[in-house]
Amino acid sequence: MEEDEVSIAMDGDIADMCAKLNLTENKDEAINLEDVIDDEIEQKADLSLVGKLLTKKPYNLNHMKNAFTSAWRLAKGFYIKEIGDNLFVCEFKSKNDRARILKDGPWHFDKQLIIFEPLCGNLQLGDVGLELSPCWMRIYNLPLNCRGKAAVMKIGGKVGRIVEWTDEDMANWGRYGRVMIDVTKPIFRGTKIINPLGENCWVSFKYEKIQNYCYWCGMLDHTVADCEVKPEETEVED
């Protein structure tokens, strides 16, 4: 074996040894952060909501803040800060303001849905889900004798988790339910039912405060003009 070949072989052996060498013996030892919690951040978290704008397009956070300021009309104001891709935090001056904004949703910016959830100080950005949004749903063509709470909740359960139901008087023939819809799935336009006569029927849904969604695939994060699964030859009109 030539001298150069011996040198190359030795270099290879050294590389293998380095790869196997444990440079940090305590690399698996966890660092305990229980004694370094920032109390100020904890207090801010109790006054904040984490939000996500359902869009695939870039947006301007300052324009969003101006839209919120106009829509919310909070006497004490609020702060907003971007914390990740399409993720931001809104910090309020009072818990009552935070509760009202959360209750009065869903909210929109540029006609795209925004999901809000209470912010937890222990939150890690990699764990942010923001997959559920509250929405009032109205059921059309529902049989008159199936407009009670039981029927509305049974049908609404196909769309999402029922969180509220309108206790309307019989003159209004109740057919509303507030549901938590999963924004990672296509929105339901309606469903088949079997009416009390045993006949197959179709009932359609209308969602209040849902402005933009794709009429082709049903997803909420884009419109039909930007749909990636729509055939290219399909003509789209405004």
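1. Two strands are said to pair here if DSSP finds at least two bridges between them. By that criterion β2 and β3 pair in the antiparallel sense, with 6 bridges between them. One of these bridges sets G84 against its partner L87 in β3. The hairpin that β2 and β3 form has 2 residues between the strands, and within this hairpin N86 takes a positive phi near 60°. A reader should keep in mind throughout that the model is a predicted one.

2. As an overview, the protein chain contains 5 helices and 10 strands. Of the 238 residues in the protein chain, buried residues make up 34%. If one takes the contacts between residues at least 6 apart in sequence, 61% of them join residues that are at least 24 apart.

3. The hairpin described above belongs to an open sheet, in which 5 strands follow the order β2-β3-β1-β5-β4 with antiparallel pairing. Its edge strands are β2 and β4, each of which pairs on one side only. On average, and with direction ignored, neighbouring strands of this sheet are turned by 35° against each other. As general background, strands of a sheet pair through backbone hydrogen bonds, and they do so either parallel or antiparallel.

4. Within this sheet, β1 and β5 pair in the antiparallel sense over 5 bridges, and V50 has E117 in β5 as its bridge partner. Helix α3 packs on the sheet, where α3 touches β1, β2, β3, β4 and β5, and the direction of α3 makes about 145° with that of β2.

5. Helix α3 itself covers residues 61–72, and its 12 residues reach 16 Å from the first C-alpha to the last, which is close to the 16 Å expected at 1.5 Å a residue. Which residues of α3 are buried? They are L61, M64, F68 and W72. Seen down the axis of α3, these buried residues fall within an arc of 55°, so they line one face of the helix. The face turned away from that buried side carries the exposed residues N62 and N66.

6. What do the buried residues of α3 pack against? Their partners are the strands β1 (48–53), β2 (78–84), β3 (87–92), β4 (107–109) and β5 (112–118), together with the helix α4 (95–103).

7. Both ends of α3 deserve a look in the viewer. At the start of the helix, a side-chain oxygen of N60 comes to within 2.8 Å of the backbone nitrogen of N62, a residue that is also exposed on the face turned away from the buried side. Just after the helix, R73 takes a positive phi of about 50°.

8. The loops on either side of β4 hold further backbone features that a reader may wish to inspect. In the loop between α4 and β4 lies P106, which is joined to G105 by a cis peptide bond with an omega of about 10°. In the loop between β4 and β5 lies D110, a residue with a positive phi of about 55° although it is not a glycine. D110 is exposed, with a relative accessible area of 64%. K111 is likewise placed in the loop between β4 and β5, and its phi is near 70°, again a positive value in a residue other than glycine.

9. Further along the chain, strand β6 (residues 132–140) takes part in two pairings that can be followed separately. With strand β8 (residues 176–182), β6 pairs in the antiparallel sense over 7 bridges, and W136 stands opposite R178 in β8. With strand β10 (residues 200–207), β6 also pairs in the antiparallel sense, here over 4 bridges, and R138 has K206 in β10 as its bridge partner.

10. Helix α5 (residues 149–159) completes this note. Its buried residues are A151, V152, I155, G156 and V159. Seen down the axis of α5, these residues fall within an arc of 120°, so they line one face of the helix. The face of α5 turned away from its buried side carries A150 and K154, which are exposed.

Methods: Residues numbered from 1 in each chain as written. Predicted model: local features only at pLDDT ≥ 70, side-chain atom pairs only at ≥ 80, totals over all residues. Heavy atoms only, no water. Expected span 1.5 Å × (residues − 1). Buried < 20%, exposed > 50% of the residue type's maximum accessible area, 1.4 Å probe, protein only. Arc of directions from axis to C-beta. Contact = heavy atoms within 4.5 Å. Polar contact = N/O pair within 3.5 Å; in protein donor to acceptor, adjacent residues only side chain to side chain. Axes fitted to C-alpha atoms, helices over the stretch in contact; angles between N-to-C directions.
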